[in-house]
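Visitor: I should like to take a close look at a single part of this structure, namely its pockets. Would you kindly describe them for me?

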Amino acid sequence: MNIQREAVLGAALRSSPALAGKDTMTTWRSGTCETNGINVHYLRTGGARHPVVLLHGLIGNGACWTPLARALEGGFDVVMPDARGHGGSSAPHHGYRYDDHASDVEGLIRGLELPRPVLLGHSMGGMTAAVVASRWAGSLRGLILVDPTFLSPERQREVRDSDVAEQHRRTLGMRKSDLVAQLRARHPRRSPELVELLAEARLKTALDAFDVLTPPNPDYRAVMSAIDVPSLLVIGDSSPVVTLEMATELRRLNPRVRIAQVQDAGHGLPFEQPERLAEVVASFLRELAQ
């Protein structure tokens, strides 16, 4: 059963202190959808417009899409869920594989009765969006993937065997102010607002969420070959995940895939070049809406 509850975000109801005082947030809604035995928290800009669902990556949350949502809200109903184990969503001790994340997204779309939304996902959210589109294409208007986690089995094992989960365990013991200072020093090009949102999101990410790194990932070539909706693959010019060569191969596998490359960006493209990403995404969405 899917049950959803919403509230208009006011000063006392904002999901993130980093967003306090932002006038553009006053008409956004904060809601919870019960699906697959968990609560999925989301932000929503609302309005009688075509819906766009934004799926974040590991250690993010829906609020991290704030710059893009602001750019899109005038023409689209933007929905920004927190994946399980992230933000305000439930954090069960299991169920963090891509099939689980995809089922949560499908349940959210059904629960909110979103008519043929466009899915947009970054990193982990990109793979999740691709899995949903590969098995649910008839219910979608389009797909946008921003440097999704399309990893070879060898690279998956490298990530699993790295210390990223242990690093996160240590991070969870940090004060937010210290983490913000660390992130500002590491990513000087990112806006102070985004750094604040990313720090908040990381501190609200359960350690169990790192189980998504356990191999095997879905076979991204098979997933992309099965997708039958207009698709845009957005990558940076220094992406460590989806290279231009990989993107070109995926376009050969599926002629419905279009490629856009953003300069001066790596895997953190939504945070490094939010304005440019908004331009690319808005242009593609306008074409789909025609």
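Guide: The following account takes the two pockets in turn and then turns to one residue. Please bear in mind that this is a predicted model.

The largest pocket has a volume of about 1100 Å³. Its lining is made up of 34 residues, and those that lie nearest its centre are L58, I59, S123, V164 and H267. Several helices take part: at least two lining residues come from each of α4 (153-161), α5 (164-171), α6 (176-186), α7 (192-203) and α10 (269-272). Of these, α4 gives the most, with three residues. In chemical character, the lining of the largest pocket comprises 16 nonpolar, 13 polar and five charged residues.

The second largest pocket holds about 150 Å³ of space. Among the residues that line it are P67, L68 and A71, together with R189, R190 and S191; F271, E272, P274 and E275 also belong to the lining. Here α1 (66-72), α10 and α11 (274-289) each supply at least two residues. The lining of this second pocket divides into seven nonpolar, one polar and four charged residues.

Finally, consider P240, which is situated in the loop between β8 (231-236) and α9 (244-253). Beyond its neighbours within four places in sequence, P240 is in contact with D147 and H267, and H267 is one of the residues nearest the centre of the largest pocket. P240 counts as exposed because its relative accessible area is 57%, and the cut-off for that term is over 50%.

Conventions: Residues are numbered from 1 along each chain as its sequence is written. This is a predicted model: local features need pLDDT of at least 70, side-chain atom pairs count only at pLDDT 80 or more; totals for chains, interfaces and linings use all residues. Side-chain values use heavy atoms; hydrogens and water are left out. On a 1 Å grid over the protein atoms alone, a cavity is a set of points where a 1.4 Å probe fits but cannot get out, and a pocket is an open set with protein on both sides within 12 Å along at least five of seven lines; lining residues have an atom within 4 Å of a point. Grid points are joined across faces, edges and corners, and a volume is the space filled by probe spheres set on the points. Helices (H or I, at least four residues) and strands (E, at least two) are DSSP runs, numbered from the N terminus. Ala, Val, Leu, Ile, Met, Phe, Trp, Tyr, Cys and Pro count as nonpolar, Asp, Glu, Lys and Arg as charged, and the others, Gly among them, as polar. Buried means under 20% relative accessible area, exposed over 50%, partly exposed in between (1.4 Å probe, protein chains only). Contact means heavy atoms within 4.5 Å.
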